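Colleague: Could you take me through one part of this model up close, and then show me how it sits in the rest? I'd like the cut-offs spelled out as you go.

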Amino acid sequence: MDYIKAFLVGGAICVIAQLLIDYTKLTPAKILVSFAVLGVILGGIGLSEPLAEFAGAGASVPLLGFGNTLAKGVREAVDEKGLLGALTGGLTAAAGGTAAALCFGFLAALLFKSKPKG
């Protein structure tokens, strides 16, 4: 049942993004940033954790989860370091995932040849 919940919630997030791409003038970059900001907001008001408990990776892996990770890192760093934590907490919390994305993206660029669109 966990897989079904993850699939349904993650799929719903993707459907919303696709609808925004198809029916609005928003660029994909603006939609991605909006989803990350929505994750920060959901984390700030306490809805991200219950959603992640319900849907597992379906809610924590997409950009909503990334935004929540940033917000959680900032909260923890502010508690530890004060105002300076507001500047460093998000970066520290998301450093592992960001570093992995950069490394795998670089590896993919080395292994595969890009082709022009069209």
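Modeller: Let's fix the accessibility words before anything else: buried means under 20% relative accessible area, exposed means over 50%, and partly exposed is what falls in between, with a 1.4 Å probe and protein chains only. Val33 counts as exposed because its relative accessibility is 52%.

Keep in mind that this is a predicted model, where local features need pLDDT of at least 70 and side-chain atom pairs count only at pLDDT 80 or more, while totals for chains, interfaces and linings use all residues. Residues are numbered from 1 along each chain as its sequence is written, and side-chain values use heavy atoms, with hydrogens and water left out.

Now some surroundings. The protein has six helices and zero strands; helices here are DSSP runs of H or I with at least four residues, strands are runs of E with at least two, and both are numbered from the N terminus. The C-alpha atoms fill a box of roughly 50 × 35 × 35 Å along the principal axes, and 22% of the 118 residues are buried.

The part I'd zoom in on is α5, residues 63-81. This helix has 19 residues and reaches 26 Å from its first C-alpha to its last, close to the 27 Å expected at 1.5 Å a residue (the expected span is 1.5 Å times one less than the number of residues). Right after α5 comes Gly82, with a positive phi near 80°.

Which residues of α5 are buried? They are Leu64, Gly65, Gly67, Asn68, Ala71, Gly73 and Ala77. These buried residues pack against α1, α2, α3, α4 (57-60) and α6 (84-111), a contact being heavy atoms within 4.5 Å.

Have a look at Asn68 in that list. Its relative accessibility is 9%, so Asn68 counts as buried. Leaving out residues up to four places away in sequence, Asn68 touches Gly39, Val40, Gly43, Ser48 and Glu49.

Leu64 leads us into the largest nonpolar core, which has nine residues: Val9, Ile13, Ala17, Ile31, Phe35, Leu42, Ala55, Ala59 and Leu64. By nonpolar core I mean a set of buried Ala, Val, Leu, Ile, Met, Phe, Trp, Tyr and Cys residues joined through side-chain atoms within 4.5 Å. The elements giving two or more residues to this core are α1 and α2 (28-44). As a rule, nonpolar side chains tend to be buried together in soluble globular proteins.

Two of those core residues, Val9 and Ala55, also show up where α1 meets α3: there, Lys5, Ala6 and Val9 in α1 meet Leu51, Phe54 and Ala55 in α3. That contact divides into five nonpolar residues, no polar ones and one charged; Ala, Val, Leu, Ile, Met, Phe, Trp, Tyr, Cys and Pro count as nonpolar, Asp, Glu, Lys and Arg as charged, and the others, Gly among them, as polar. The axes of α1 (2-23) and α3 (48-55) come within 8 Å and cross at roughly 130°.

Back to Val33 to close the loop: this residue of α2 has its C-alpha 8.3 Å from that of Leu63, 30 residues apart in sequence.

How values were computed: Axes fitted to C-alpha atoms, helices over the stretch in contact; angles between N-to-C directions.
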